[in-house]
Amino acid sequence: LLEFKEWFKTDFFKWVDSPKCESCGGDTVGGGMLAPTHQEQLDGAGRIEGYTCKGCSSQVRFPRYHAKPAKLLETRRGRCGEWANCFVLCCRALGFDTRHVHDWTDHVWSEVWSEAEQRWLHVDPGEAVDKPLVYEAGWGKKLTYVIASSKDEIQDVTWRYSKDHAVTKQRRNLARPKWLTKTLLELTNKKQAGYPEEERRRLNQRRLADCLEMITARSVGEDDKVGRKT
């Protein structure tokens, strides 16, 4: 997993703040949103960013492919959304049990289940590996809701990434806690509707162990205090 993650970051995928001009290779400046073409819609682009070349004034389109991650195997570029979508797709194709993690304060990453350690590992394809406190301690984020989703379940994993649970709890005011827990359990039960009872029991035990790990207090280390790299 670590070797694949490093290869994905250094050789396969590329970070894009603003795309290069397709005509002259020059730098571009943002110019607002554009309507997707029929083909872009078919390829899973929900929105299109428009740019203008600073040199030759050519117009450049930057489709944000989110609906169909397989398209990203061709483009191999984007920001954290594309990075996480393509990385999760590849991890699942390689046989890793992987969750897509959505941070409500604007970031996405992944979690990968470790059979050896029997726990979920934090894996940000463009950033750190198993350093869940880096977002608050290093980036200065004030997290509110962090939700992980997989083919098997949807789980509130905020507490894994919070260095101070009491302070984080005060910021969580978008939904009633009981309603959120109930809703995520209902969505999880729908995903597991056709599963054998033994498999549902195994996943439920894993979920409970995950919750216990998340509420266990943890301290910030020096490795958690690094800033954003991409």
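**Exercise 1. The surroundings of Lys-163**

Where is the place of Lys-163? Locate this residue in the predicted model, then describe its exposure and its contacts.

*Solution.* Step 1: Lys-163 is found in the loop between strand 10 and helix 6.

Step 2: The relative accessibility of Lys-163 is 43%. Buried requires under 20% and exposed requires over 50%, so Lys-163 is classed as partly exposed.

Step 3: Leaving aside residues up to four places away in sequence, Lys-163 touches Leu-133, Glu-136, Ala-137 and Val-220. For one of these contacts, Glu-136, the C-alpha atom is separated from that of Lys-163 by 7.0 Å, although the two residues are 27 residues apart along the chain.

**Exercise 2. Aromatic pairs around Tyr-135**

Classify the ring pair of Trp-109 and Tyr-135 and the ring pair of Tyr-135 and Tyr-161 as stacked, edge-to-face or tilted, and state which parts of the chain each pair links.

*Solution.* Step 1: The structure holds 16 aromatic pairs. In the pair of Trp-109 and Tyr-135, the ring centres are 4.1 Å apart and the planes meet at 20°. Planes under 30 degrees apart count as stacked, so this pair is stacked.

Step 2: Trp-109 belongs to strand 7 (residues 107–114) and Tyr-135 to helix 5 (residues 134–137); the pair therefore ties together parts that are 26 residues apart in sequence.

Step 3: The rings of Tyr-135 and Tyr-161 have centres 6.1 Å apart and planes at 50°. Since that angle is neither under 30 nor over 60 degrees, the pair is tilted.

Step 4: This second pair also links distant parts of the chain, with Tyr-135 in helix 5 and Tyr-161 in the loop between strand 10 (154–156) and helix 6 (165–171), 26 residues apart.

Step 5: Trp-109 is buried, at 0% relative accessibility. Tyr-135 is buried at 0%, and Tyr-161 is buried at 0%.

**Exercise 3. The two sides of helix 7**

Compare the end-to-end distance of helix 7 with its expected span, and determine how its buried residues are arranged about the axis.

*Solution.* Step 1: Helix 7 comprises 15 residues (residues 177–191). The expected span is 1.5 Å times one less than the number of residues, so helix 7 should span 21 Å; its end C-alpha atoms are 21 Å apart, in agreement.

Step 2: The buried residues of helix 7 include Leu-180, Thr-183, Leu-184 and Thr-188. Viewed down the axis of helix 7, its buried residues fall within an arc of 135°, and therefore they line one face of the helix.

Step 3: The buried residues of helix 7 pack against strand 9 (146–149), strand 10 and helix 8 (197–215). The face turned away from the buried side carries the exposed residues Lys-178, Lys-182 and Lys-190.

**Exercise 4. Charges over rings, and cysteines**

Which rings lie beneath the charged ends of Arg-99 and Arg-206, and how many disulfides does the structure hold?

*Solution.* Step 1: The charged end of Arg-99 sits over the ring of Trp-120, 4.0 Å from the ring centre. The charged end of Arg-206 sits over the ring of Trp-113, 4.7 Å from the centre of that ring.

Step 2: The number of disulfides is zero. Cys-80 is in no disulfide, and the nearest cysteine sulfur, that of Cys-86, is 14 Å away; a disulfide would require sulfur atoms within 2.5 Å.

Step 3: Cys-80 is buried, at 16% relative accessibility, whereas Cys-211 is partly exposed, at 32%.

Conventions
Residues are numbered from 1 along each chain as its sequence is written. This is a predicted model: local features need pLDDT of at least 70, side-chain atom pairs count only at pLDDT 80 or more; totals for chains, interfaces and linings use all residues. Side-chain values use heavy atoms; hydrogens and water are left out. Rings of Phe, Tyr and Trp (its six-membered ring) pair if their centres lie within 6.5 Å; planes under 30 degrees apart count as stacked, over 60 as edge-to-face and the rest as tilted. Helices (H or I, at least four residues) and strands (E, at least two) are DSSP runs, numbered from the N terminus. Buried means under 20% relative accessible area, exposed over 50%, partly exposed in between (1.4 Å probe, protein chains only). A charge sits over a ring if NZ of Lys or CZ of Arg is within 6 Å of the ring centre and within 35 degrees of the ring normal. The arc is that of the directions from the helix axis to the C-beta atoms. Contact means heavy atoms within 4.5 Å.
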